[in-house]
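The following exercises concern the structure shown below. Attempt each task before reading its solution.

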Amino acid sequence: MTLQGNLTPEQTFLFDYIDRNARAIALLGDNIFYFGELGMQEFETAKLMTALLEQGGFKVERGIAGFPTGFCASYGAGRPVVAIHTEYDSCPDNSQTAGVPRQDWIVEGAPGHCEGHNVNAAVLVATALAAKHAMNEFGLKGTLKVFGAPAEEQLISRPYFVRDGWFDDVDVAFHDHIGAEFSASHGLLQSALISATFTFHGETAHAGMSPWNGRDALDGVVLMDMGLAQYREHMRPEMRAHRVITNGGDQPNVIPRTATVWWFFRDGTAEGAQKLFAQGQKIAAGAAMMSNTEVEVEVLSAVWPLRCNRTLAELVQRNIEVAGMPAWTDAEQKLARELQANAKVKVEGLKSEIKPMTGAAVPRQSSNDAGDVSWKVPMIKFYYPSNVPNINFHHWAAGVVLANSIAHKGAVAGTKAFAGAVVECFKNPALVEEAKRTFKEELGGVEYKSILPPEQKPPAELNRAIMEKFRPEMAKHYLKEMPEFT
């Protein structure tokens, strides 16, 4: 619960605004949940978010850095320049009915939100609108920038934003993300990643009559897979390499002329991810040689590890403690426990206490494309409690509460902490300068340089075919009621 006696005038104003618009926050997240759009195809989602920001007085630039569903909305002028950003894409084959604690498709096989990016988007927009109103109410100077980041599940957009200069004038940055807890931390949080496709080129032939005339591109893909499987023995524990075959040929009696495999290479450092990718390229070249094919490599994204600034983490943690955990009902606890039981994880219900910040973060092997932002400027990524403990993302169970009162309450709490921290930066510019000082110390002389190829363009067609296949059926479930902030 909110600690009302500890509120500053700015927090009182923000919390009143957020509580008054709790219904709008819930509806925004729920609408995006039912849009269920995959990365690079978040057209309905971006349209709704940018419309609300424009209605709220923000100037919106759409299509930034070559992303049709990316945007930058800005309000105010001068310094400090505070950037807030998040993602809003879904995952393939994870359509899940809200509020049902067992696997139950909305549209079988369709994409769906199973991490909570729909709630991230609601918290981002609500924070922007609340902070803007507080800036006006208290005469606070500075510029608030709101970035919409497409295709986080493919780790794509924010390295392009940084490479193309969108964060050059930013002083500090904040990133909200759903979780099962309410927490902030500092230090290295997530891994670096390089995403690349390897397309092998051969020659067709009749697989029954004259296979000796063919050069099998799929053989190249399979041999690369075998080579990397053998190399795993020699990878460091923090390294990861995983893939999907996106094109394995058309039919068994025609030797495939082309075949493609999409790999992710992860490590705790940008240098380590580059070394692992280089080894992958060597193995691909060997696979091409063995299969008598040629291989073409395309880097889709290249992301630095995500780090969090201590000064900003302490700022957000203070605001988390003031905002307080939501008060869960018996029905919400029952749903959470049923879900945990059905997902075969530890049954403990929803958390009721705020997680204290006891030290540096424990690095994770997951990645987030905000990593580049966090080496460009001081940044914090914090988690707000809109999902169920012990439930893994990218699984049907992680979608159950995303358009439910559990997500709604967590989003309100997260928005209060987020908006409170952002407004404090405008109220106290010295805090921003302190974040920049500690950021410089934390870098320890490391010089950030984008590892994304300078000529690389965003893959605008990514996921288009999947969304075109499923969108007509998914659209039948879109909500009729739209959010209105007052």
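Two strands are said to pair if DSSP finds at least two bridges between them. The model used throughout is predicted.

**Exercise 1. A four-stranded sheet**

Task: Determine in which order the strands of the open sheet containing β9, β10, β8 and β11 are arranged, and which strands stand at its edges.

Solution.

Step 1. Begin with β10 (residues 258-267) and β8 (residues 192-201), which are joined by ten bridges and run antiparallel. One pair of partners here is histidine 201 and threonine 258 of β10.

Step 2. On β10 there is a further pairing, with β9 (residues 240-247), antiparallel and over seven bridges. Histidine 242 has phenylalanine 264 in β10 as its bridge partner.

Step 3. Nine bridges connect β8 with β11 in the antiparallel sense. Isoleucine 194 is partnered in β11 by alanine 302.

Step 4. The order is thus β9-β10-β8-β11, an open sheet of four strands with antiparallel pairing. Since β9 and β11 (294-303) each have a single partner strand, they stand at the edges, and one side of each is left without a neighbour in the sheet. From one strand to the next, the twist averages 20°.

As background, strands of a sheet pair through backbone hydrogen bonds, either parallel or antiparallel.

**Exercise 2. The surroundings of β10**

Task: State how many residues of β10 are buried, and name the strands across which helix α6 lies and those across which helix α7 lies.

Solution.

Step 1. Of the ten residues of β10, nine are buried, and the strand is therefore described as mostly covered.

Step 2. Helix α6 (residues 217-231) lies across β8, β9 and β10, and its direction makes an angle of about 20° with β10.

Step 3. Helix α7 (residues 270-291) lies across β8, β9, β10 and β11, running at about 10° to β8.

**Exercise 3. A seven-stranded sheet**

Task: Identify the edge strands of the sheet that contains seven strands.

Solution.

Step 1. The strands follow the order β1-β2-β4-β3-β5-β13-β6 in an open sheet, and their pairing is mixed.

Step 2. The edges are formed by β1 (59-62) and β6 (183-184); each has a single partner strand, so one side of each lacks a neighbour in the sheet.

Step 3. For β6, the pairing with β13 (residues 379-385) is antiparallel and consists of two bridges. Within this region, alanine 184 stands opposite phenylalanine 382 of β13.

Step 4. Helix α11 lies across β3 (81-87), β4 (142-149), β5 (172-179) and β13, at about 150° to β13.

**Exercise 4. Two helices in contact**

Task: Classify the packing of α11 against α12 as roughly parallel, roughly antiparallel, roughly perpendicular or oblique.

Solution.

Step 1. Helix α11 (residues 405-427) and helix α12 (residues 429-443) have axes 5 Å apart and pack at an angle of about 100°.

Step 2. Angles from 65 to 115 degrees count as roughly perpendicular, so α11 is roughly perpendicular to α12.

Step 3. On α11, the contact is made by Glu424, Cys425, Phe426 and Lys427; on α12, by Pro429, Leu431 and Val432. These contact residues comprise five nonpolar, no polar and two charged.

**Exercise 5. Cysteines without a bond**

Task: Explain why the sulfur of cysteine 308 is not bonded to the closest cysteine sulfur.

Solution.

Step 1. A disulfide is a covalent bond between the sulfur atoms of two cysteines. The cut-off for such a pair is within 2.5 Å.

Step 2. The closest cysteine sulfur to that of cysteine 308 belongs to cysteine 425 and is 14 Å away, which is too far for a bond.

Step 3. The search of the whole structure finds zero disulfides. Cysteine 72 is likewise in no disulfide, its nearest cysteine sulfur being that of cysteine 425 at 17 Å.

Step 4. Cysteine 72 is buried, at a relative accessible area of 1%, and cysteine 308 also counts as buried, at 1%.

**Exercise 6. Backbone angles in loops**

Task: Decide whether lysine 344 is buried or exposed, and state what is noted about its phi.

Solution.

Step 1. Most residues other than glycine have a negative phi, and most peptide bonds are trans.

Step 2. Lysine 344, in the loop between α9 (330-342) and α10 (371-376), has a positive phi near 60°.

Step 3. With a relative accessible area of 74%, lysine 344 is exposed, the cut-off being over 50%.

Step 4. The peptide bond from arginine 79 to proline 80 is cis, with omega near 5°. Proline 80 lies in the loop between β2 (71-77) and β3.

Methods:
Residues are numbered from 1 along each chain as its sequence is written. This is a predicted model: local features need pLDDT of at least 70, side-chain atom pairs count only at pLDDT 80 or more; totals for chains, interfaces and linings use all residues. Side-chain values use heavy atoms; hydrogens and water are left out. Axes are lines fitted to C-alpha atoms, for helices over the stretch in contact, and angles run from 0 to 180 degrees between N-to-C directions. Angles under 35 degrees count as roughly parallel, over 145 as roughly antiparallel, 65 to 115 as roughly perpendicular and the rest as oblique. Contact means heavy atoms within 4.5 Å. Ala, Val, Leu, Ile, Met, Phe, Trp, Tyr, Cys and Pro count as nonpolar, Asp, Glu, Lys and Arg as charged, and the others, Gly among them, as polar. Buried means under 20% relative accessible area, exposed over 50%, partly exposed in between (1.4 Å probe, protein chains only).
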